Amino acid sequence: MQLPYSDVLDIAHFSRLFDNKSECYKLFWFQAIAQKIKEGHEIITFEALINEMIADAWYMVTEYHLNLGPNDALERVVHRLGAISHMKSCEKKEVILEYLTACEDKDVTAMKRTLSQNVPYRLQAPFMESMKGKEWNRSGKNLAARINQEQRLMYYFLQFCGLNTQIQIQKEWADYIKQNYEIIQGWVEYNLIQYLQRRNPSVPGIVDKLAPPKERNLEKVKKYWKMIVAIKPVCEIYGKEQLNEKNISIDHFVPWSYVAHDELWNLTPTTRSINSSKSNSLPDWNTYFPMLCKNEYMSYEMMWEYPKIQEAFEKCAKEHLNNQEIRLKLYQQGLPEREFSGRLEEVILPVYQSAKNMGFSNWSLKV
């Protein structure tokens, strides 16, 4: 990816910041720096940047169950924070940052120190080709002093004091990053997607899992099911509560936070309270999949029986059936219920098992 040219800055070496992506820390550290520069900061503490890193990784780890690396310190501190804070997986970033600023947990502090040991110094290694081998094997304070002797770096170290150590962004670099923030952020995200895809090879939709979850538009699917329940009684699959036009909520059978799509075959009507209770969990397969098949086949039959429902289905299909092979497999006319259920299982079960392997918890409705 081509970065914007500058006639005063060393963009050639800047473009090599992420050449070595064996771990994720450089990506999150630089992203935190860019965010702080965008906010107008040019002197920033280690702790402020590490808090930003943790908050940025929060959704990937807690909401989307992504693996950041074997024994990854950033992933571990996110898990520790989740255990002590009880914050929601979709918590707002400002709430996470506020909690981190006030947090005095010894384990969190120790993990922050671990995160500060290498990446603040190593990020700028492409600019420092004169530094070889043993020169990097210094204590943090001595290493910072040695790096401060280099010319034309992005940032230098001010007073050295553990997590309160400060870096000072050079004005030319701050101006460059501010002026080209969107392009640079796209470059970081491109590298982060590459890294995460390698660490999570079976996980779909990595590109949609870099940021907090967004509100999804399922109105066409809701309208489709409202037309069905207006004609024929339908019970939702989890609590067997009868649905009506007012209480319908659309649920992702395999959580959206894993599949990262709104495909019709994974959507089922339920109530808002049950949808909230299920959250990002996997419904127990043996308990709920037979009910899912029953409801899906009933809607399939009605779609072929009622022209208005077929019209609503076609509107849904334009947005919520993006795989033509699956559409032909599941929605061709004339399938008996047993064959339809078998085909639906062939589509959903591998996705369900993969989500289960990623650590999504099993769920049953408590009555």
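1. A quick term before anything else: a residue is called buried when its relative accessible area is under 20%, exposed when that figure is over 50%, and partly exposed in between. Cys 316 is a clear case, because at a relative accessible area of 0% it falls on the buried side. Please keep in mind throughout that this is a predicted model.

2. Now the overall picture. The protein has 367 residues, and 51% of them count as buried. It is built from 17 helices and seven strands. If you lay the C-alpha trace along its principal axes, it spans about 80 × 45 × 35 Å.

3. Let's stay with the cysteines for a moment. How many disulfides does the structure hold? The count is zero. A disulfide would be a covalent bond between the sulfur atoms of two cysteines. For Cys 316, the closest cysteine sulfur belongs to Cys 293 and lies 19 Å away, so the two are too far apart for a bond. Cys 161 has a similar story with another partner: its closest cysteine sulfur is in Cys 103, at 19 Å, which is again too far for a bond. As for its surroundings, Cys 161 counts as partly exposed because its relative accessibility is 45%.

4. A pair of strands is worth a look. E4 (residues 249-252) and E5 pair in the antiparallel sense, over four bridges. If you want to trace the pairing on screen, Ser 249 has Thr 270 of E5 as its bridge partner, and Ile 250 stands opposite Pro 269 in E5.

5. What about the two faces of these strands? In a regular strand the side chains alternate between the two faces of the sheet. E4 puts Ser 249 and Asp 251 on one side and Ile 250 and His 252 on the other, and all of them are buried, so both faces are covered. In E5 (residues 267-270), Leu 267 and Pro 269 point one way while Thr 268 and Thr 270 point the other way, and here too all are buried.

6. E4 also leads us to the largest pocket, which has a volume of about 890 Å³. The pocket is lined by 26 residues, and the closest to its centre are Glu 215, Arg 216, Ile 250, His 252 and Asn 275. Ile 250 and His 252 are the E4 residues that share one side of that strand. Which elements each supply at least two residues of the lining? They are E4 along with three helices: H11 (219-231), H12 (256-259) and H13 (272-278).

7. There is an enclosed space as well. The count comes to one cavity of 30 Å³ or more, and the largest cavity holds about 40 Å³ of space. Its lining consists of Tyr 224, Trp 225, Leu 264, Leu 267, Glu 296, Ser 299 and Tyr 331. Two or more of the lining residues come from each of H11 and helix H14 (285-305). So H11 turns up here, and Leu 267 brings us back to E5, where it points the same way as Pro 269.

8. Aromatic residues deserve their own point. Searching the whole structure gives 29 aromatic pairs. Ring pairs join Phe 14, Phe 18, Phe 30, Phe 127, Trp 173, Tyr 176 and Trp 187 into a cluster. Separately, Tyr 258 has a charge for company: the charged end of Lys 209 sits over its ring, 5.1 Å from the centre.

9. Finally, the backbone. Most residues other than glycine have a negative phi. His 65 has a positive phi, near 60 degrees. Its place is in the loop between helix H3 (46-63) and helix H4 (73-85), and its relative accessible area of 22% makes it partly exposed. Leu 66 is found in that loop between H3 and H4 too, but Leu 66 is buried, because its relative accessible area is 2%. If you measure along the chain, Leu 66 and Ala 34 are 32 residues apart, and their C-alpha atoms are separated by 23 Å.

10. Lys 240 is another residue with a positive phi near 60 degrees. This one sits in the loop between H11 and E4. Is Lys 240 buried or exposed? With a relative accessible area of 57%, Lys 240 is exposed.

Notes
Residues are numbered from 1 along each chain as its sequence is written. This is a predicted model: local features need pLDDT of at least 70, side-chain atom pairs count only at pLDDT 80 or more; totals for chains, interfaces and linings use all residues. Side-chain values use heavy atoms; hydrogens and water are left out. Buried means under 20% relative accessible area, exposed over 50%, partly exposed in between (1.4 Å probe, protein chains only). Two strands pair if DSSP finds at least two bridges between them. Rings of Phe, Tyr and Trp (its six-membered ring) pair if their centres lie within 6.5 Å; planes under 30 degrees apart count as stacked, over 60 as edge-to-face and the rest as tilted. A charge sits over a ring if NZ of Lys or CZ of Arg is within 6 Å of the ring centre and within 35 degrees of the ring normal. A disulfide is a pair of cysteine sulfur atoms within 2.5 Å. On a 1 Å grid over the protein atoms alone, a cavity is a set of points where a 1.4 Å probe fits but cannot get out, and a pocket is an open set with protein on both sides within 12 Å along at least five of seven lines; lining residues have an atom within 4 Å of a point. Grid points are joined across faces, edges and corners, and a volume is the space filled by probe spheres set on the points.
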